[in-house]
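These are my notebook entries on a single chain. I recorded what I looked up, entry by entry.

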Amino acid sequence: TPLSGLHHPNGIGHHHNCQSIWLTGGEVGQGKRNRISLDQLIAEKTAPHTRFDSLELSNTGRSLAWNRDGIQLPAETKPGEVFRRLFEAPEGGADEERRALRRRGSVLDAVLDEARALDRKMGTEDRTRLDQYLTAVREVEIRTERADQWLDVPRPEVDAGTRARLTRDVPQTDPGEYFRTVYDLIVLTFETDMSRVVTFSTGDEGKGLPVPELGINQTRHALSHHNGDPDQMERLTQSDLFNFEQFAWFLDRLQSVEEGDGSLLDSTVALYG
């Protein structure tokens with residue numbers, strides 16, 4: 001279902017900022033704080049059921065996800081590294097992973113103790129900032145506790161062919177292969193129920209990838225300033241079509257995975273903008 005005519009007039013200031021509010025509807029800029037993004041609202045409900053709360057993927061390192069304090073979550077750019085984090089146990093096995101989680105828990109306890117002592121000496125503005133920081137620390141604490149609960153649950157087995165395909169180094173200079181590799185990783189994440197929430201930014205305004213396989217060496221933003229030039233407009237159309245084709249490929253992959261009486265696509269909500 002295509003939705004058009006959406007407009008958010010508050011606090012944008014410039015269309016380059018659209019990525020910040022696309023899933024939040026927040027009023028950013030002028031000292032205003034963003035709000036939680038839609039994916040993270042969903043993740044709050046689904047996180048107890050999966051090993052990982054959510055995945056944030058991006059070709060730039062800037063994610064589409066924002067937590068309850070309006071803080072942007074970091075994104076991962078290399079599908080191979082994400083695959084290994086999801087499907088390969090750390091060296092040393094569960095015991096070493098448990099020791100690492102215990103160390104992290106001890107550090108978090110020390111941080112919280114220090115912060116509580118500091119809170120009593122602060123003014124209102126500084127206390128607000130500290131509260132934001134403490135919220136982030138508590139989120140890490142919750143994730144640490146959940147990770148500990150999953151330590152004795154074996155990770156899913158992944159066949160050698162899939163493993164080889166998803167751990168190779170795919171350069172962003174080959175965007176078609178890069179996008180399809182990331183989309184494959186998302187499909188596998190859903191199929192194995194490692195996480196039920198994923199965001200993937202294929203390039204914010206001004207940083208959309210060129211498409212050299214189509215002879216397009218400009219970003220989408222550069223192409224959009226075509227001033228009516230028919231050649232530029234044609235390349236812009238080709239660039240947009242290319243991106244839609246990659247998303248369509250993702251939907252086809254979801255449909256190809258059988259799940260229950262239907263396909264993985266039947267149980268997935270996919271939003272593309």
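**Entry 1. Helix H7**

At 1.5 Å a residue, what should the 17 residues of H7 span, and how far apart are its end C-alpha atoms? I worked this out before anything else, bearing in mind that the model is predicted. The expected span is 24 Å, and the end C-alpha atoms of H7 lie 24 Å apart, so expectation and model agree.

I then looked up how H7 is placed. Of its 17 residues, 14 are buried, so H7 is largely enclosed by the rest of the structure. I next asked which helices pack against it.

**Entry 2. H3 against H7**

I took helix H3, residues 79-87, as one partner of H7, residues 175-191. The two axes come within 10 Å and cross at roughly 15°. Because angles under 35 degrees count as roughly parallel, I entered H3 as roughly parallel to H7. The crossing in which H3 passes H7 is left-handed.

Which residues of H3 meet H7? I listed Pro79, Val82, Phe83, Leu86 and Phe87 on the H3 side. On the H7 side I listed Tyr178, Thr181, Val182, Leu185, Leu188 and Thr189. By class, this contact is made up of 9 nonpolar residues and 2 polar ones, with no charged residue.

**Entry 3. H6 against H7**

I repeated the exercise for helix H6, residues 160-167. H6 and H7 pack with their axes 9 Å apart, at an angle of about 135°. That angle makes H6 oblique to H7. I noted a left-handed crossing for H6 and H7.

From H6, the residues Thr162, Arg165 and Leu166 take part. They meet Thr181, Asp184, Leu185 and Leu188 of H7. The contact of H6 with H7 divides into 3 nonpolar, 2 polar and 2 charged residues.

I also compared the two residue lists. Thr181, Leu185 and Leu188 of H7 appear in the contact with H3, and they appear again in the contact with H6.

**Entry 4. Positive phi values**

I followed the chain past H7 and came to Asp193, whose phi is positive. Its phi is near 60°, in a residue other than glycine. Asp193 belongs to the loop that runs between H7 and strand S4 (198-201). Is Asp193 buried, partly exposed or exposed? With a relative accessible area of 29%, Asp193 is partly exposed.

I entered Asn227 alongside it, since its phi is also positive, near 50°, and Asn227 is likewise not a glycine. Asn227 sits in the loop between helix H8 (220-224) and helix H9 (230-256). Its relative accessible area is 79%, and I recorded Asn227 as exposed.

**Entry 5. Helix H9 and strand S6**

I checked the length of H9 as I had that of H7. H9 has 27 residues and reaches 38 Å from its first C-alpha to its last, close to the 39 Å expected at 1.5 Å a residue.

Which residues of H9 are buried? I found Gln232, Leu236, Ser239, Phe242, Asn243, Gln246, Phe247, Phe250 and Leu254. The cover over the buried residues of H9 includes H7, H8 and S6.

I looked up Ser263 for its place in strand S6, residues 262-263. Ser263 has 10% relative accessibility and counts as buried, because buried means under 20%. Setting aside neighbours within four places in sequence, I found Ser263 in contact with Leu254, Gln255, Val257 and Glu258. Of these, Leu254 is one of the buried residues of H9.

**Entry 6. Gly70**

I located Gly70 in the loop between strand S2 (62-66) and strand S3 (72-74). At 11% relative accessibility, Gly70 counts as buried. Not counting residues up to four places away in sequence, Gly70 touches Arg33, Asn34 and Arg35. I also noted its distance from Ser20: the two are 50 residues apart in sequence, and 9.9 Å apart in space, C-alpha to C-alpha.

**Entry 7. The chain overall**

I closed with totals. The chain holds 9 helices and 6 strands. Of its 273 residues, 36% count as buried. Among contacts with a separation of 6 or more, 60% are between residues 24 or more positions apart.

Terms used:
Residues are numbered from 1 along each chain as its sequence is written. This is a predicted model: local features need pLDDT of at least 70, side-chain atom pairs count only at pLDDT 80 or more; totals for chains, interfaces and linings use all residues. Side-chain values use heavy atoms; hydrogens and water are left out. Axes are lines fitted to C-alpha atoms, for helices over the stretch in contact, and angles run from 0 to 180 degrees between N-to-C directions. Helices (H or I, at least four residues) and strands (E, at least two) are DSSP runs, numbered from the N terminus. Angles under 35 degrees count as roughly parallel, over 145 as roughly antiparallel, 65 to 115 as roughly perpendicular and the rest as oblique. A crossing is left-handed if the near helix is turned anticlockwise from the far one by less than a right angle, and right-handed if clockwise. Contact means heavy atoms within 4.5 Å. Ala, Val, Leu, Ile, Met, Phe, Trp, Tyr, Cys and Pro count as nonpolar, Asp, Glu, Lys and Arg as charged, and the others, Gly among them, as polar. The expected span of a helix is 1.5 Å times one less than its number of residues. Buried means under 20% relative accessible area, exposed over 50%, partly exposed in between (1.4 Å probe, protein chains only).
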